[in-house]
Amino acid sequence: MNLELMAPIMFCSLIAFLLIGYPVAFALSAVGLLFSWIGIHFELLRPELLQALPNQVYDIMRNDTLLAIPFFTFMGLILERSGMAEEMLDTIGQLFGSVRGGIAYAVIFVGALLAATTGVVAASVISMGLISLPIMLRYGYDTRIATGVIAASGTLAQIIPPSLVLIVLADQLGTSVGDMYAGAMAPGLLLTVFYAAFIFAVSLLKPQWVPALPPEARSLRGLALARRVVLVMIPPLLLIFLVLGTIFLGIATPTEGGAMGAVGAIILALLNRKLNLKLLQQAMDSTVKLSTFVVFILIGARVFRIAFLGVDGDKWVEHLLTSLPGGATGFLIAVNLLVFFLAFFLDFFEIAFILVPLLAPVAQSLDINLIWFGVILGVNMQTSFMHPPFGFALFYLRSVAPKTVKSTDIYWGAIPYVLLQLVMVGLLIAFPGLVTNALHAEVKTNAEDAAAIMQQMDGSSGASLPDALEQPASPAEASAAGSDQSNELLQELTGKQ
């Protein structure tokens, strides 16, 4: 078998495994091991290459960045079950109720606040779907407008810190989570403004679709409403500062911020008298499941990556993308089109763990700021929650929506927001300052060499080379593996300089 054909065949095989519904972690591992065996059988790869796998798994275990995932997940689940979303939606709904589209504005505003506190799409969509959708339908909101704004506002948790997507992207790109958070804040808030502007346009063109609440539905007024706003809004705003403010000010790392957020969520649940053993058990069970899911995908991705690099897959991807017309801009446009269409079939975890590690070295070679690149991909990946057949935000909303709401109405209602997300991607490509102006210092984007790139992505710090790899290769092995190139790959994967 020709080595040049191995990389494209391997990548297409992985996509085929995923499209037939094979679990992503096992698909990655299976394809990696299969093509490793094929490469070794045809003397294209050295058998010692797989001995780098234990070191790769150890890199995952010692990666402090990934600790932020269970902390933020636990925080979001505690807050979602403590009644904070219900109180905020009711209060903001009363505040904006006299305005056309007031409940929709409340959903968008609360969606942004939930994104900045919970960071979990499912929690935001389900909470707002249970609370706001029946009220919106009862007072005459158009079904598509009501369902669309709830699903779209829930996906703000994907781009507004402390987003789990941003943590994963920062890890895969080898960048700082704090810088990724800082860079994503302005685009996330601007996207929130876009959603509100869309509702405002609807209120002007089709006011009957977004009526104001009747006076009898607005039970709070004057000082009672002001007092309710203060009591309900201050605790989550304090939690946002505790988590994000300390990270942006450099007082705490993202992992430490997540730990403080988890403690803060428990305190808020105690204050709301919602904390009990059952709530804690549910939150811990869900946190363990999600964290285990992420780690298994990461291990599978490392198995796939070892074989893919062994068959020169990185060079194949780099040649494929750097040959595109338009230089860096052409690369960004092509990559975002690819991510958008892959999002129809893959969720954001699969895209982040499979595609992003292949794209990062190419982006660096084109002198693209990786924080900017990551935020663009993060906004783009929002669409994976908003369009069929795997739009999870739509599924979450469908599970809590009344039976009178048709699934087609939910799908049609999401389309304007998908278009707004794509507009946001275009603006970020055209105006990188939306991301880079928020960074404390310029992020280095030029890799000194391929080994430095891959070592940065792995987080390796000079782990020792296995004894079997320290022995010089025999002439037959050198011939089969391409001598120097194979040795360099082994050093990259094991962390030895």
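This report describes a predicted model of one protein chain, from its overall make-up to single residues.

## Overall make-up

The chain has 497 residues, and 54% of them count as buried. Its secondary structure consists of 25 helices and zero strands. Among contacts with a separation of 6 or more, 82% are between residues 24 or more positions apart. The accessible surface of the chain is about 20800 Å², and carbon and sulfur atoms account for 66% of that area.

## Confidence in the model

The mean pLDDT of the chain is 81, with 86% of the residues at 70 or more. Among the elements of the chain, helix α10 (residues 177-205) has the highest mean pLDDT, 94, while helix α23 (residues 467-470) has the lowest, 37. The pLDDT is below 50 over residues 442-483, a stretch with 72 contacts in the model beyond near neighbours in sequence. Where pLDDT is low, predicted coordinates should not be read in detail.

## The nonpolar core

The largest nonpolar core holds 154 residues. The members that touch the most others are Phe 72, Met 136, Val 149, Phe 331, Phe 373 and Met 381. Helix α6 (residues 102-117) contributes the most to this core, with 12 residues. In soluble globular proteins, nonpolar side chains tend to be buried together.

Met 136 serves as an example of a core member. Leaving out residues up to four places away in sequence, Met 136 touches Ile 103, Ala 104, Val 107, Tyr 141, Ala 146, Val 149 and Ile 150. One of these, Val 149, is itself listed with Met 136 among the core residues that touch the most other members.

## Helix α5 and its cover

Helix α5 covers residues 84-96, which is 13 residues. From its first C-alpha to its last, helix α5 reaches 18 Å, close to the 18 Å expected at 1.5 Å a residue.

The buried residues of α5 are Met 84, Ala 85, Met 88, Leu 89, Thr 91, Ile 92, Gly 93 and Gln 94. Their cover includes the helices α4 (68-81), α6, α7 (121-138) and α11.

## A threonine in helix α11

Thr 246 is part of helix α11 (residues 222-248). Its relative accessibility is 10%, so Thr 246 counts as buried, the cut-off being under 20%. Apart from neighbours within four places in sequence, Thr 246 is in contact with Phe 241, Ile 251, Ala 252 and Met 260.

## Salt bridges

The count of salt bridges comes to two. Side chains of opposite charge can pair when their charged atoms come close. One salt bridge joins Asp 59 and Arg 62, with the closest N and O atoms 2.7 Å apart. Asp 59 is buried, at a relative accessible area of 2%, whereas Arg 62 is partly exposed at 27%.

Another salt bridge is formed by Arg 144 and Asp 409, whose closest N and O atoms are 3.3 Å apart. This pair links distant parts of the chain, 265 residues apart: Arg 144 is in helix α8 (residues 143-154) and Asp 409 is in helix α20 (residues 407-430). Arg 144 is partly exposed, with a relative accessible area of 37%, and Asp 409 is buried, with 15%.

Helix α20 also contains Leu 419. At 48% relative accessibility, Leu 419 counts as partly exposed. Its C-alpha atom is separated by 9.0 Å from that of Thr 383, and the two residues are 36 residues apart along the chain.

## Backbone details in loops

A cis peptide bond joins Pro 161 and Pro 162, with omega at about 10°. Pro 162 is in the loop between α8 and α9 (164-173).

Arg 273 is a residue other than glycine with a positive phi, near 55°. Arg 273 is in the loop between α12 (254-271) and α13 (277-310), and is exposed, with a relative accessible area of 79%. Asp 312, also not a glycine, has a positive phi near 65°. The loop between α13 and α14 (313-322) holds Asp 312, which counts as buried at 18% relative accessibility.

Technical notes
Residues are numbered from 1 along each chain as its sequence is written. This is a predicted model: local features need pLDDT of at least 70, side-chain atom pairs count only at pLDDT 80 or more; totals for chains, interfaces and linings use all residues. Side-chain values use heavy atoms; hydrogens and water are left out. A nonpolar core is a set of buried Ala, Val, Leu, Ile, Met, Phe, Trp, Tyr and Cys residues joined through side-chain atoms within 4.5 Å. Buried means under 20% relative accessible area, exposed over 50%, partly exposed in between (1.4 Å probe, protein chains only). Helices (H or I, at least four residues) and strands (E, at least two) are DSSP runs, numbered from the N terminus. Contact means heavy atoms within 4.5 Å. A salt bridge is a side-chain nitrogen of Lys or Arg within 4 Å of a carboxyl oxygen of Asp or Glu. The expected span of a helix is 1.5 Å times one less than its number of residues. Accessible areas come from the Shrake-Rupley method with a 1.4 Å probe; for residues, only the protein chains shown count as cover. pLDDT is the predictor's confidence in each residue, from 0 to 100.
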